[in-house]
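Me: I am in my first year and would like to learn how to read a protein model step by step. Could you take my questions in turn and show the reasoning behind each answer?

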Amino acid sequence: IQDPGNLGTLIRTARSFGFDAVVTSETSCDLYNEKVLRSTQGAVFQIPVVRRNLSDYVSSLQKQGVYVIATTLAEADPMKEMNVSDKMAVILGNEGNGVSLELQKQADQRVRIEMSGFESLNVAVAGGILMYQLQKQVKI
């Protein structure tokens, strides 16, 4: 995630919907950027946020039985067909390039949000929609 406001909003949203943690890539914006901290509304102190090499981290999660979903527009299932598990991770793409092809290939499922009028949404909005849907389907 490149935009500090988006990162902060995603952290706050993840906390609000009961997620366990937020993992950022090594190239994401600085977690302690003033705009990130402000937009979390304090959630950054209530949920673990870590920076990792995402490819390695996804492999580690999958070895622990975590089902990994990547968001993308290419060759993706509609969100309503998303496979849901009690151990899940969602990969959201950065604002400019989306989820890397490497991470898309690693994921257990590719998912897109069904919509009309536009091809994609702001990453914080898309993340919020997915987290809400997952929270509805799984007791997080």
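The questions below begin with the whole chain and then turn to single elements and residues.

Me: What kind of model is this, and how many helices and strands does the protein have?

Reply: The model is a predicted one. Read along the sequence, its elements follow the pattern α-β-α-β-α-β-β-β-α-β-α. Counting the elements of each kind gives 5 helices and 6 strands.

Me: What is the radius of gyration of the protein, and does it agree or disagree with that of a compact globule?

Reply: Along its principal axes, the C-alpha trace spans about 40 × 35 × 30 Å. For 140 residues, a compact globule would have a radius of gyration near 14 Å, and the value for this protein agrees with that, because it is 14 Å.

Me: What share of the residues counts as buried, and what share of the exposed area comes from carbon and sulfur atoms?

Reply: A residue is called buried when its relative accessible area is under 20%, and 43% of the 140 residues of the protein count as buried. The protein exposes about 8000 Å², and the part of this area supplied by carbon and sulfur atoms is 48%.

Me: Among contacts between residues at least 6 apart in sequence, what share joins residues at least 24 apart?

Reply: The contacts considered here are those between residues at least 6 apart in sequence. Within that set, the share that joins residues at least 24 apart is 75%.

Me: How far apart are the mean positions of the positive and negative charges?

Reply: The protein has 14 positive and 15 negative charges, and each set has its own mean position. The separation between these two mean positions is 5 Å.

Me: What does helix α1 reach from its first C-alpha to its last, and which elements do its buried residues pack against?

Reply: Helix α1 covers residues 4–16, and its 13 residues reach 18 Å, close to the 18 Å expected at 1.5 Å a residue. Its buried residues include Leu7, Leu10, Ile11 and Ala14. An α-helix has 3.6 residues a turn, so residues three or four places apart point the same way. The elements that the buried residues of α1 pack against are β1, α2, β2 and α5.

Me: Is Thr13 buried or exposed, and which residues is it in contact with beyond its neighbours in sequence?

Reply: Thr13 has its place in helix α1, and it counts as buried because its relative accessibility is 13%, which is under the limit of 20%. Leaving aside neighbours within four places in sequence, its contacts are Gly128 and Met131.

Me: Where is Gly128, and which residues is it in contact with?

Reply: Gly128 has its place in helix α5, and with a relative accessible area of 16% it is buried. Its C-alpha is 18 Å from that of Asp86, a residue 42 places apart from it in sequence. Leaving aside neighbours within four places in sequence, Gly128 is in contact with Thr13 and Phe17.

Me: How many residues does α5 have, and which elements do its buried residues pack against?

Reply: Helix α5 has 15 residues and reaches 21 Å, close to the 21 Å expected at 1.5 Å a residue. Its buried residues include Val123, Gly128, Leu130 and Met131. The elements that the buried residues of α5 pack against are α1, β3, β5 and β6.

Me: Which residues does Ile91 touch, and in which strand is it placed?

Reply: Ile91 is buried, with a relative accessible area of 10%, and its C-alpha lies 11 Å from that of Met131, although the two are 40 residues apart in sequence. Not counting residues up to four places away, it touches Val58, Val68, Ile69, Ala70, Thr71, Val99 and Leu103. The strand in which Ile91 is placed is β5.

Me: Where is Gln41, and what is its phi?

Reply: Gln41 is found in the loop between α2 and β2, and it is exposed, with a relative accessible area of 62%. Gln41 is a residue other than glycine, yet its phi is positive, near 55°.

Terms used:
Residues are numbered from 1 along each chain as its sequence is written. This is a predicted model: local features need pLDDT of at least 70, side-chain atom pairs count only at pLDDT 80 or more; totals for chains, interfaces and linings use all residues. Side-chain values use heavy atoms; hydrogens and water are left out. Helices (H or I, at least four residues) and strands (E, at least two) are DSSP runs, numbered from the N terminus. Buried means under 20% relative accessible area, exposed over 50%, partly exposed in between (1.4 Å probe, protein chains only). The radius of gyration is taken over C-alpha atoms; the globule rule is 2.2 Å times the number of residues to the power 0.38. Contact means heavy atoms within 4.5 Å. Accessible areas come from the Shrake-Rupley method with a 1.4 Å probe; for residues, only the protein chains shown count as cover. Lys and Arg count as positive and Asp and Glu as negative; His and the chain ends are not counted. The place of a charge is taken as NZ of Lys, CZ of Arg, CG of Asp or CD of Glu. The expected span of a helix is 1.5 Å times one less than its number of residues.
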